[in-house]
Amino acid sequence: MAQEDPSWKTFFEENPKPTNFDKNVKLIQDVCQHAAVKKNRVALITSGGTTVPLEQNTVRFIDNFSAGTRGSASAEYFLDAGYQVIFLHRSKSLEPYSRHLVGRNIFDMIEVLPDHITVGDKHQIELRVVAEKYQRHKCNLLMISFNTLADYLWLLQATAQKMQILGPLALLYLAAAVSDFYIPTSQMPHHKIQSSGGPLSLSLQLVPKMLAPLVTLWAPNAFVVSFKLETNETLLETKSKESLLKYHHNVVIGNILNSRKVYVTLVDSASSSAEEIRLSASDLENGVEIESKIVENLKIRHEKYYANHKTG
Ligand code: PAZ
């Protein structure tokens, strides 16, 4: 009997590519080829939540809580650490550098003078700090956006495949909150669901686990870091370890929904117990972000991984 396609292949057969896919993949390919020649490290950071449309002409969709805080902050720290960054993010979620201005009214920060406008005195220093960092790093930052789960998975697959050329110089940091459930395109109504049809029942399919082909086929030599989100702390370490055992990648970072900004655990295949990163009271007072510590930790792990790959 002929072997059936694995479910991840079927997913890509059944769900069309996003618009601008080829153009975005070309941009990603250029970054990877250039970095491979220069032997630069490249981090793919995925960030924000995926939507699950209920209709093909989408009026309604299922979404999740993720704002892209983790991904956008981490992108800045990876850039500071010397990485080139591909920032694969949910459209309109937080982005590196501009995140510092979210919720602020730009018109309250500028002064309008007779022949030009300028930044008001009160905001000069804070804007200068962020603007200088942005100017310094923007040539090493490629931002690609997605909306739906299918858009995200198409772009994830293509980016991982293009990063293969980088071997162990590639680091994948999968912080996006990706839906586990979806409605295949063939089962979605074409037009807006009408309330005249009565109460709505939805039947969602399981999304195939893409970490398996990612680790074994798409980017087999990359350093892969996944995130595990739980709401029940007692499950966190077990679930993180299970994920590592199942997919054989490099690090799983566990976090709890309500404490994710101050506490994470890292598990890897080499150590039997989890390493904790927790912000102290003085870190919080000084505005230290947990992502700075996560990236510092991963940079060291990635350096070791790269050195081992080269020698052996
Ligand atoms: O985007 P955010 O900063 O609000 O949240 C970050 C996060 C909790 C989505 C991330 O740290 C994470 O755990 N991502 C993986 C989620 C999962 O699919 O298990």
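**Helix α5: helix packing and pockets**

In α1, residues W8, F11 and F12 meet L149, A150, L153, W154 and Q157 of α5. Seven nonpolar residues and one polar residue make up this contact, with no charged residues. The model is a predicted one. Helix α1 covers residues 7-14, and its axis comes within 11 Å of the α5 axis. The two axes cross at roughly 115°. The crossing of α1 past α5 is left-handed.

A further partner of α5 is α2. Helix α2 spans residues 21-38, and α5 spans residues 149-163. Their axes come within 9 Å and cross at roughly 30°. Angles under 35 degrees count as roughly parallel. The pair α2 and α5 is therefore roughly parallel. Here the crossing is right-handed. On the α2 side, the contact involves F21, N24, V25, I28, Q29 and C32. On the α5 side, it involves W154, L155, A158, T159, K162 and M163. By class, these residues are eight nonpolar, three polar and one charged. W154 of α5 thus appears in the contact with α1 and in the contact with α2.

Helix α5 also contributes to pocket linings. The largest pocket holds about 1400 Å³ of space. It is lined by 49 residues, of which A176, V178, D180, F227 and K228 are the closest to its centre. At least two lining residues come from each of β1 (42-47), α3 (69-80), α5, α6 (211-218), β11 (223-230) and α7 (233-247). F227 and K228, among the residues closest to the centre, fall within the span of β11. The lining comprises 23 nonpolar, 14 polar and twelve charged residues.

The second largest pocket has a volume of about 300 Å³. Its lining has 19 residues, and the closest to its centre are P53, T148, A150, T185 and M188. Two elements, β2 (52-53) and α5, give two or more residues to this lining. The largest share, three residues, is that of α5. In this lining, ten residues are nonpolar, six are polar and three are charged. A150 is listed among the residues closest to the centre of this pocket, and A150 is also one of the α5 residues that meet α1.

Taken together, α5 meets residues of α1 and of α2. The same helix gives at least two residues to the lining of the largest pocket and three residues to that of the second largest pocket.

Technical notes. Residues numbered from 1 in each chain as written. Predicted model: local features only at pLDDT ≥ 70, side-chain atom pairs only at ≥ 80, totals over all residues. Heavy atoms only, no water. Axes fitted to C-alpha atoms, helices over the stretch in contact; angles between N-to-C directions. Helix = DSSP H or I, 4+ residues; strand = E, 2+ residues; numbered from the N terminus. Parallel < 35°, antiparallel > 145°, perpendicular 65-115°, else oblique. Left-handed = near helix turned anticlockwise from the far one by under 90°. Contact = heavy atoms within 4.5 Å. Nonpolar A, V, L, I, M, F, W, Y, C, P; charged D, E, K, R; others polar. 1 Å grid on protein atoms, 1.4 Å probe; cavity = no way out; pocket = protein on both sides within 12 Å on 5 of 7 lines; lining within 4 Å. Points joined across faces, edges and corners; volume = space filled by probe spheres on them.
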